[in-house]
Amino acid sequence: MENNENVSYYNKIAKTYDSSRFNNSYGAFIHRQELAFLDKYVGKQDLSKHLDLGCGTGRFLDYAHYGIDPSDQMLALAIKKHPEKELKVTDGTATGFTDQQFEKIYSFHVMMHLDREVIRDIIKESHRLLKPGGALIFDYPSHKRRRLIHYNAASWHGATSMDLKDIKKLTGELFTVTYSRGFLFLPIHKFPIKIRSWFYGMDQLLCSSFLKYYSSYIAVILKKK
Ligand SMILES: C[S@@+](CC[C@H](N)C(=O)[O-])C[C@H]1O[C@@H](n2cnc3c(N)ncnc32)[C@H](O)[C@@H]1O
């Protein structure tokens, strides 16, 4: 897949991205889990040392002063919401920031749409941008889960699922995995809409239990070596 295809897709759907993905009970469920994770592991202090890589429309820009995204249409909406932030249209593989500028870089719902070579380049670039001991944090669809439910992506969209061993292979020379957890263990989309939120606490427990690698998505924290 050419990354251009990915960027033109996000340019096209930018205006409806927030409402179609997150303005419903399923989207709100995962958004709540992600915010709880960001509150705990990224936080809102020292924002000038945080970068949101692939920030899109700025869903998570309360946790960083800097954001980048190659889709100018997605970024235009982020700029509207967060005019005080430093946001630029650029690709995560070549950001133009200076060496060791950041303490935390996070990237959500991004790697799953990219080829492994692009992911590898983003990991290299993040390593360059992070201070020693800094953290790279991202999510990806669980390959174990997808195998279990026989799920195959129909196109490039969300096609890159991985397991922790793939992450270690991709990042091992540059980073150490220090933490991982899941998002969305229960098949929330199959539950009646009215009762979905009742299962939030249970899902949070399962996503951090010994079963976590069977959640729909996994979030990892990698520490720069
Ligand atoms: C599903 S959106 C996620 C946006 C935001 N992180 C969120 O969670 O709402 C994926 C974003 O990744 C961006 N993207 C695509 N290729 C990228 C790359 N090589 N580097 C950084 N971001 C990229 C797209 O333009 C798009 O805005």
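Okay, the sheet. Seven strands make up an open sheet, and the order across it is S3-S2-S1-S4-S5-S7-S6, with mixed pairing. At the edges you've got strand S3, residues 86–89, and strand S6, residues 175–183; each has a single partner strand, so one side of each is left without a neighbour in the sheet. If you go from strand to neighbouring strand, the average turn is 15 degrees, ignoring direction. And please keep in mind that this is a predicted model.

Quick reminder of the background. Strands of a sheet pair through backbone hydrogen bonds, and that can be parallel or antiparallel.

Now two of the pairs. Strand S1, which is residues 50–53, and strand S2, residues 66–69, run parallel and share three bridges. If you want a residue to click on there, take Asp52: its bridge partner in S2 is Gly67. Then S4 with S5, also in the parallel sense, and this pair has five bridges. Here the one to click on is Tyr106, which stands opposite Ile137 in S5.

So what lies across the sheet? Helix H4, residues 116–129, lies across S1, strand S4 (102–107), strand S5 (130–141), S6 and strand S7 (217–224). Relative to S5, H4 runs at about 150 degrees. Helix H6, residues 164–171, packs on the sheet as well, touching S6 and S7. The direction of H6 makes about 150 degrees with that of S6.

How buried is S5? Mostly covered, in fact: nine of its twelve residues are buried. That takes us to the core. The largest nonpolar core has 51 residues, and the members touching the most others are Ile105, Leu136, Ile137 and Phe138. You'll recognise Ile137 as the residue opposite Tyr106. Let's zoom in on Ile105. Leaving out residues up to four places away in sequence, Ile105 touches Leu51, Leu53, Ser126, Leu129, Leu130 and Leu136. As a general point, in soluble globular proteins nonpolar side chains tend to be buried together.

Okay, the ligand. Which residues come nearest to the ligand? There are 22 residues around it, and the nearest are Gly54, Gly56, Arg59, Ser71 and Gly92. By element, helix H1, residues 3–22, gives the most to that shell, with four residues. By class, the shell has ten nonpolar, nine polar and three charged residues.

Last bit: a few individual positions. Lys144 is in helix H5, residues 143–148. Is Lys144 buried, exposed or in between? It counts as partly exposed, because there are 17 C-beta neighbours inside 10 Å, and buried would take 20 or more. Not counting residues up to four places away in sequence, Lys144 touches Asp163, Tyr213 and Tyr214. From Lys144 to Gly92, one of those residues that come nearest the ligand, the C-alpha separation is 27 Å, with the two positions 52 residues apart along the chain counted as the offset.

Ala28 is in helix H2, residues 25–41. It's partly exposed too, with 15 other C-beta atoms within 10 Å. Its C-alpha atom is separated by 23 Å from that of Ala76, 48 residues apart along the chain.

And then Ser48, in the loop between H2 and S1. Ser48 counts as exposed, because it has 12 C-beta neighbours inside 10 Å and the cut-off for exposed is 12 or fewer. The C-alpha atoms of Ser48 and Arg32 are 16 residues apart along the chain and separated by 24 Å.

Terms used
Residues are numbered from 1 along each chain as its sequence is written. This is a predicted model: local features need pLDDT of at least 70, side-chain atom pairs count only at pLDDT 80 or more; totals for chains, interfaces and linings use all residues. A residue is near a molecule or strand if its C-beta atom, placed from the backbone, lies within 6 Å of it. Helices (H or I, at least four residues) and strands (E, at least two) are DSSP runs, numbered from the N terminus. Ala, Val, Leu, Ile, Met, Phe, Trp, Tyr, Cys and Pro count as nonpolar, Asp, Glu, Lys and Arg as charged, and the others, Gly among them, as polar. Two strands pair if DSSP finds at least two bridges between them. Axes are lines fitted to C-alpha atoms, for helices over the stretch in contact, and angles run from 0 to 180 degrees between N-to-C directions. Two residues are in contact if their C-beta atoms, placed from the backbone, lie within 7 Å. A nonpolar core is a set of buried Ala, Val, Leu, Ile, Met, Phe, Trp, Tyr and Cys residues joined through C-beta atoms within 7 Å.
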